[in-house]
Amino acid sequence: MMNDDDYMALALALAARGAGYVSPNPLVGAVVIKDDQVVGQGYHQAVGAAHAEVNAIDDAGERASGATLYVTLEPCHHFGRTPPCTEKIVAAGIRRVVAAMADPNPDVQGGGNDFLQSRGIEVVCGVKEREARQLNESFIKFVTTRQPFVVLKMAATLDGRIATRTGDARWVTGEAARSRVHRLRHAMDAILVGIGTVKSDDPSLTARPAHGKGVDPIRLVLDTRLSMSKRAQMLTQVSNAPTYVVCGPDASEMDHRRLVASGARILESPVKKGRIDLNALMGQLGRMGITSLLIEGGAQVAGSALAADIVDKMIIFYAPKVTGGDDGVSMFRGQGAALMKDALTLQDMTVEMVGEDIMVQGYLKKFEI
């Protein structure tokens with residue numbers, strides 16, 4: 001016989017299907033259980049579409065009466081793009097609700113659970129909470145800080161090089177790792193690189209996951225003086241996502257017009273020591289409604305992101321390769337820690353084989369999931 005944890009695991013797996021489609025909403029899945037049988041299931045599939053609870057209850061139909069609803073997030077009790085899910089739950093005759101976590105939005109937290117309990121429905125909250133919070137780490141960061149959750153992704157050889165001494169970086173990792181990165185891009189709102197990467201690699205920064213067509217993230221290029229070519233692939237390719245070129249206040253008006261005419265959008269941001277102020281930029285992105293940001297830039301951008309303390313999570317793919325010598329391109333540029341005790345430390349680390357490569361990921365201590 002399955003227990004609460006087992007049923008919640010099913011709901012979490014359903015919730016994950018919404019990745020890339022529901023931002024800025026959270027990923028939510030739900031299952032309806034009656035007599036130890038799954039009689040209804042659903043997940044939030046798109047912004048403005050029905051919530052997971054509604055889909056699961058509709059799937060169950062009359063069998064929802066007297067059943068238990070497992071949902072990965074506290075049911076909403078407020079009007080947004082859709083009516084409150086709590087009313088649907090009461091009307092369906094659900095007798096018990098098991099939620100993985102309370103709504104992290106401080107404006108509504110606890111309201112749904114309290115309402116359901118006031119209507120005589122048993123409510124249990126906290127089943128597989130850690131997994132639920134990790135699934136919605138971007139949503140949690142955004143609703144509590146109004147800034148995006150930032151993931152720094154790097155691909156390197158075992159001796160920590162992202163390119164050889166000639167600058168050759170194609171390809172550091174294998175096909176399986178690159179496929180995983182495309183899935184990651186699909187799930188993120190935006191992706192950021194520096195102008196150096198654009199000039200050397202001319203990347204597309206689109207999402208091309210193996211499972212089918214992906215959702216392209218918004219593309220951001222740090223280009224203080226607007227030196228990006230109008231022929232860059234990001235400006236000439238077919239994509240539903242826009243490309244923003246982030247410049248400083250002293251950028252040329254002529255270059256501004258040139259890039260806009262080529263399809264770019266210009267985002268002016270404050271500059272600090274000659275470079276885009278990444279802390280100020282995070283505030284701007286938050287005001288644009290961007291909940292998650294993937295940094296795929298080169299060594300300079302990666303080093304700057306760590307120095308600015310904007311990174312929440314790191315993902316590093318290590319290839320089974322060694323360039324040898326000390327003249328390749330290292331993962332980070334800029335000034336590092338003077339003492340080992342001052343080095344950044346990751347927590348909740350996981351290590352996974354992805355094809356022939358090793359994927360290491362972990363969280364910086366400043367962010368608690």
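## A walk from a pocket to the strands and loops

The largest share of the lining of the second largest pocket, five residues, comes from helix α7. This pocket belongs to a predicted model, and its volume is about 1,300 Å³. There are 46 residues in its lining, and those closest to the centre are Ala19, Leu27, Leu135, Leu184 and Ala187. Besides α7 (175-187), the elements that give two or more residues to this lining are α5 (129-135), α6 (137-145), β6 (149-157), β15 (313-319), β17 (346-354) and β18 (357-364). When the lining residues of the second largest pocket are divided by character, 23 are nonpolar, 13 are polar and ten are charged.

One of the elements that contribute to this lining, strand β6, deserves a longer look. Because nine of the nine residues of β6 are buried, the strand is largely enclosed by the rest of the structure. In a regular strand the side chains alternate between the two faces of the sheet. In β6, Phe149, Val151, Lys153, Ala155 and Thr157 lie on one side, while Val150, Leu152, Met154 and Ala156 lie on the other, and all of them are buried, so that both faces are covered. As for its neighbours, β6 runs parallel to strand β14 (residues 292-295), to which four bridges join it, and valine 151 has leucine 294 of β14 as its bridge partner. With β15, strand β6 also pairs in the parallel sense, here over seven bridges, and in this pairing alanine 155 stands opposite phenylalanine 317.

Strand β10 (residues 243-247) can be read in a similar way. Five of its five residues are buried, and β10 is therefore largely enclosed by the rest of the structure. Thr243, Val245 and Cys247 point one way from β10, whereas Tyr244 and Val246 point the other way, and all are buried. Strand β9 (residues 218-222) runs parallel to β10 and is joined to it by four bridges, with leucine 222 having valine 246 as its bridge partner. Strand β11 (residues 265-268) likewise pairs with β10 in the parallel sense over four bridges, and there valine 246 stands opposite leucine 267. Leucine 267 also gives a point of reference for glutamine 284, since the C-alpha atoms of these two residues, 17 residues apart along the chain, are separated by 9.1 Å. Glutamine 284 has its place in helix α11 (residues 278-287), and because its relative accessible area is 14%, which is under 20%, glutamine 284 counts as buried.

The next stop is helix α1 and its aromatic ring. A pair of aromatic rings is described by the distance of the centres and the angle of the planes. The structure holds one aromatic pair, formed by tyrosine 7 and tyrosine 70, whose centres are 5.2 Å apart and whose planes make an angle of 45°, a tilted arrangement. This pair links distant parts of the chain, for tyrosine 7 is in helix α1 (residues 4-16) and tyrosine 70 is in strand β3 (residues 68-71), 63 residues apart. Both tyrosine 7 and tyrosine 70 are buried. Aspartate 6 also lies in helix α1, but aspartate 6 counts as partly exposed because its relative accessibility is 32%. Its C-alpha atom and that of valine 127 are separated by 9.8 Å, although the two residues are 121 residues apart along the chain.

Some features of the backbone remain. Most residues other than glycine have a negative phi, and most peptide bonds are trans. A cis peptide bond, with omega of about 10°, joins serine 23 and proline 24, and proline 24 is found in the loop between α1 and β1 (29-34). Another cis peptide bond joins arginine 170 and tryptophan 171, with omega of about -5°, and tryptophan 171 is found in the loop between β7 (161-163) and α7. Over the face of tryptophan 171 lie arginine 170, at 4.8 Å from the ring centre, and arginine 178, at 4.5 Å from the ring centre.

Positive phi angles appear in arginine 146 and aspartate 309. Arginine 146, found in the loop between α6 and β6, has a phi of about 60° although it is not a glycine, and its relative accessible area of 45% makes it partly exposed. Aspartate 309, in the loop between α12 and β15, has a positive phi near 60°, and at 47% relative accessibility it counts as partly exposed. In helix α12 (residues 299-307), just before this aspartate, the buried residues include Ala299, Val301, Ala302, Gly303, Ala305 and Leu306.

How values were computed:
Residues numbered from 1 in each chain as written. Predicted model: local features only at pLDDT ≥ 70, side-chain atom pairs only at ≥ 80, totals over all residues. Heavy atoms only, no water. 1 Å grid on protein atoms, 1.4 Å probe; cavity = no way out; pocket = protein on both sides within 12 Å on 5 of 7 lines; lining within 4 Å. Points joined across faces, edges and corners; volume = space filled by probe spheres on them. Nonpolar A, V, L, I, M, F, W, Y, C, P; charged D, E, K, R; others polar. Phe/Tyr/Trp six-rings, centres within 6.5 Å; stacked < 30°, edge-to-face > 60°. Buried < 20%, exposed > 50% of the residue type's maximum accessible area, 1.4 Å probe, protein only. Lys NZ or Arg CZ within 6 Å of the ring centre and 35° of its normal. Pairing = 2+ DSSP bridges.
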